[in-house]
Amino acid sequence: MITVTDLRKVYRQGDRTVVALDGVSLRVDAGQIHGIIGHSGAGKSTLVRCLTLLDRPTSGSVSVNNKELANVSDSDLRTARRRIGMVFQHANLMDSRTTAQNVAFPLELIGTPKAKIAPKVSALLELVGLTQFADAYPAQLSGGQRQRVGIARALSSDPDVLLCDEPTSALDPKTTDEILTLIKSVRDRLNLTVLIITHEMYVVKQACDSVSLLEAGRIVEHGDIAKVVADPAGRLSQALLPMPEGLPAGVVLDLLYSGDQAADPVISSIARTFDTDVNVLAGSVEQLGEHQFAHLRIQLPEGSDITAITNHLLANGVAVTLKEAK
Ligand SMILES: Nc1ncnc2c1ncn2[C@@H]1O[C@H](COP(=O)(O)OP(=O)(O)OP(=O)(O)O)[C@@H](O)[C@H]1O
């Protein structure tokens, strides 16, 4: 479990101050994958640096399994850092070391006896599916394989938390899926708490149980995927289940529904109950985590009884937004 409480980081540049983190709080339980999504300049890198203790927060606290990290003394920093394993955008491997030697490096640094390093490294390479590449050098590996080495190396110190900073931003779509699948599988096998910092909504869709939207150093929306998606006015919901820009004339409604209702014939129910035509303009059905969501944009004839139709849909668990052309 990782708990971040009221984290602030203020940089001073001459007489100018930059508030990079403005009271960030979050809690991620063991076994959960939490996405932190934000645009450039939102404070993602600063958050990573404060969580990994590369930078001291101005105030606030970070704890892993109820052990405070942010205020440890300099002499205890190295031990404290081991509780959070770090995966980078570019795996940052040492070119002169083989796969096995890269994974062994953090263990060597902390003085692990040689006899213990070899079995540990081979178990980690098996975990990430790289056993047959143990003796390969980074230049002989694909981007995805290098990222697998990076994940194995991050796990070598038996961390409680895996902090992944843009882990797939440099990868193609297929390799992105493979790395996200790997992160989910190591989470399952090791019951890790995982934080993924990303600017890609796709990563949140594919891998995360919960998400926070970081903007100008603040978390402006957060929650389980099912909760944030269910709020059609929310920015995360709109980004996770986007609708096309621009609206045609007429009565246009966006419908959002989840779970069991996703299989229900919502459209035919409107057509039957109100004896009306329903034109489907756009829509998607997505599996997000354990839940299925449908987002539909429909057009109804001019003069339709919007209030009655909306009430009918709401009574059936469908969130309705009346869209008006701007
Ligand atoms: N060392 C620093 N000194 C002064 N200001 C800084 C420093 N590091 C970051 N900032 C400022 O803090 C804010 C957040 O920056 P940060 O790099 O954390 O954002 P980010 O979300 O990681 O962006 P990107 O995705 O582009 O890396 C920005 O306004 C940035 O200019």
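Me: Which helix gives the most to the shell around the ligand?
Reply: This is a predicted model, where local features need pLDDT of at least 70, side-chain atom pairs count only at pLDDT 80 or more, and totals for chains, interfaces and linings use all residues. Residues are numbered from 1 along each chain as its sequence is written. Helices (H or I, at least four residues) and strands (E, at least two) are DSSP runs, numbered from the N terminus. With three residues, the top contributor to the shell is helix 1.

Me: Which residues are around the ligand?
Reply: A residue is near the ligand if its C-beta atom, placed from the backbone, lies within 6 Å of it. The residues are Y11, Q13, V18, A20, G38, S40, G41, A42, G43, K44, S45 and T46.

Me: Which elements give two or more residues to that shell?
Reply: Two strands and a helix do so. They are strand 1 (2-13), strand 2 (16-28) and helix 1 (44-51).

Me: Is L51 buried or exposed?
Reply: L51 sits in helix 1. A residue is buried if 20 or more other C-beta atoms, placed from the backbone, lie within 10 Å of its own, exposed if 12 or fewer, and partly exposed in between. L51 has 27 such neighbours, so it counts as buried.

Me: Which residues does L51 touch, beyond those up to four places away in sequence?
Reply: Contact means C-beta atoms, placed from the backbone, within 7 Å. I84 is 33 residues from L51 in sequence, yet 8.2 Å away in space, C-alpha to C-alpha. The residues touched are V62, I84 and L163.

Technical notes
Two residues are in contact if their C-beta atoms, placed from the backbone, lie within 7 Å.
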